[in-house]
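Biologist: Before we discuss this model, could you put the sequence and the coordinates side by side? I would like to go through the fold step by step, with the cut-offs behind each term stated once.

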Amino acid sequence: MDSPQNTTPFTKSGIKLVIGNKNFSSWSMRPWLLLKNFQIPFEEVNVALYQRNTAEKLGPLSPSLKVPALIHQETTVWESLAICEYINETFLDGRGWPASPRKRATARSVCAEVHAEFPALKHDWPMNCQASVDLNVSENIANEIARIDAIWSCCRRKYGAGDEYLFGRFSIADCMYAPVAVTFRAYGAVLSAPAQRYADTLLSNPWVKDWVAQGRAERNEQVSLGIVSNM
């Protein structure tokens with residue numbers, strides 16, 4: 001895929017993606033990566049989070065008053081996985097998921113798992129592109145890291161033939177786990193060799209690198225290790 005530096009800037013279209021701060025809005029990162037990696041033109045609408053006027057700015061854009069939200073013609077979709085499904089159905093003709101029914105079922109399962117589970121990681125290890133520290137690994141954190149390690153290693157072993165991503169070629173599953181790879185690098189998580197290779201693949205993706213670079217460049221007084229990455 002083309003790198004951000006070698007790609008002609010996207011022209012504005014009927015698609016708007018409302019996102020938060022790139023430094024810590026992991027949920028915003030997910031549909032943004034899907035659009036970028038599949039080269040779907042869109043207009044990026046940035047709303048700074050945790051500000052006094054955040055809800056006021058999000059009011060006309062997102063029914064949940066949270067990010068991300070996708071606006072396309074008369075349709076508004078909010079919540080990351082729902083947005084990815086809408087993009088897949090509307091613009092990708094199903095290419096956002098693996099073609100094999102077996103792979104696709106597993107991909108949806110592991111995406112739902114990262115969406116609904118891992119509360120300790122989401123609370124204690126929020127995504128922070130600017131962080132580079134070794135945090136304490138509690139028993140709950142260790143158990144959740146081990147589960148993600150198992151997901152990555154198993155999916156790569158069983159379904160990863162043909163390319164370096166979780167199910168071979170790039171898919172929604174990689175969008176859902178990319179913020180986790182950023183988090184693991186930031187806080188020094190120790191992974192098995194297969195899981196680390198997959199994490200390195202995600203971190204080497206040109207659009208992941210672009211998002212992280214923009215996140216690191218942000219200046220925001222609210223950015224801290226204590227922010228919960230729940231948007």
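Biologist: How many helices and strands are there in the protein chain?

Modeller: This is a predicted model, in which local features need pLDDT of at least 70 and side-chain atom pairs count only at pLDDT 80 or more, whereas totals for chains, interfaces and linings use all residues. Residues are numbered from 1 along each chain as its sequence is written, and side-chain values use heavy atoms, with hydrogens and water left out. Helices (H or I, at least four residues) and strands (E, at least two) are DSSP runs, numbered from the N terminus. From the N terminus on, the elements run β-α-β-α-β-β-α-α-α-α-α-α-α, and the count is 9 helices and 4 strands.

Biologist: In what order do the strands form the open sheet?

Modeller: Two strands are taken to pair if DSSP finds at least two bridges between them. The 4 strands form an open sheet with mixed pairing, whose edge strands, each pairing on one side only, are E2 and E4 (75–78). The twist averages 20° from one strand to the next, and the order is E2-E1-E3-E4.

Biologist: Which residue of E2 is the bridge partner of Val18?

Modeller: Strand E1 (residues 15–19) and E2 pair in the parallel sense over 4 bridges. Leu17 stands opposite Glu44 in E2, and Glu44 belongs with Asn46 to the uncovered face of that strand, whereas the covered face has Glu43 and Val45. The bridge partner of Val18 is Val45.

Biologist: What angle does the direction of helix H1 make with that of E1?

Modeller: Axes are lines fitted to C-alpha atoms, for helices over the stretch in contact, and angles run from 0 to 180 degrees between N-to-C directions; contact means heavy atoms within 4.5 Å. Helix H1 (residues 26–37) packs on the sheet and touches E1 and E2. The angle between the directions of H1 and E1 is about 150°.

Biologist: Why do the buried residues of H4 lie on the same side of that helix, and what arc do they cover?

Modeller: Buried means under 20% relative accessible area, exposed over 50%, and partly exposed in between (1.4 Å probe, protein chains only). The buried residues of H4 are Thr106, Ala107, Val110, Cys111, Glu113 and Val114, while Pro101 and Ala116 are exposed on the other side of H4. The arc is that of the directions from the helix axis to the C-beta atoms, and the buried residues are on the same side of H4 because they cover an arc of only 155°.

Biologist: What span should the 16 residues of H4 have?

Modeller: The expected span of a helix is 1.5 Å times one less than its number of residues. For H4 the end C-alpha atoms are 22 Å apart, which agrees with the expected span of 22 Å.

Biologist: Is Phe118, with its positive phi, buried or exposed?

Modeller: Most residues other than glycine have a negative phi. Phe118 has a positive phi of about 60° although it is not a glycine, and its place is in the loop between helix H4 (101–116) and helix H5 (119–124). At 5% relative accessibility, Phe118 counts as buried.

Biologist: What is the relative accessibility of Tyr50?

Modeller: Tyr50 also has a positive phi, near 60°, and lies in the loop between strand E2 (43–46) and H2. Tyr50 counts as partly exposed, because its relative accessibility is 34%.

Biologist: Which residues does the cis peptide bond join?

Modeller: Most peptide bonds are trans. Here omega is about 0° for a bond leading to Pro68, a residue in the loop between helix H2 (54–58) and strand E3 (69–72). The residues joined by the cis bond are Val67 and Pro68.

Biologist: Which elements do the buried residues of H9 pack against?

Modeller: Helix H9 (residues 206–217) has 12 residues and reaches 17 Å from its first C-alpha to its last, close to the 16 Å expected. Among its buried residues are Trp207, Trp211 and Gly215. The buried residues of H9 pack against E1, H1, H7 and helix H8 (193–204).

Biologist: What distance separates the C-alpha atoms of Arg197 and Ser153?

Modeller: Arg197 lies in helix H8 and is exposed, with a relative accessible area of 52%. Arg197 and Ser153 are 44 residues apart along the chain, and their C-alpha atoms are separated by 9.3 Å.
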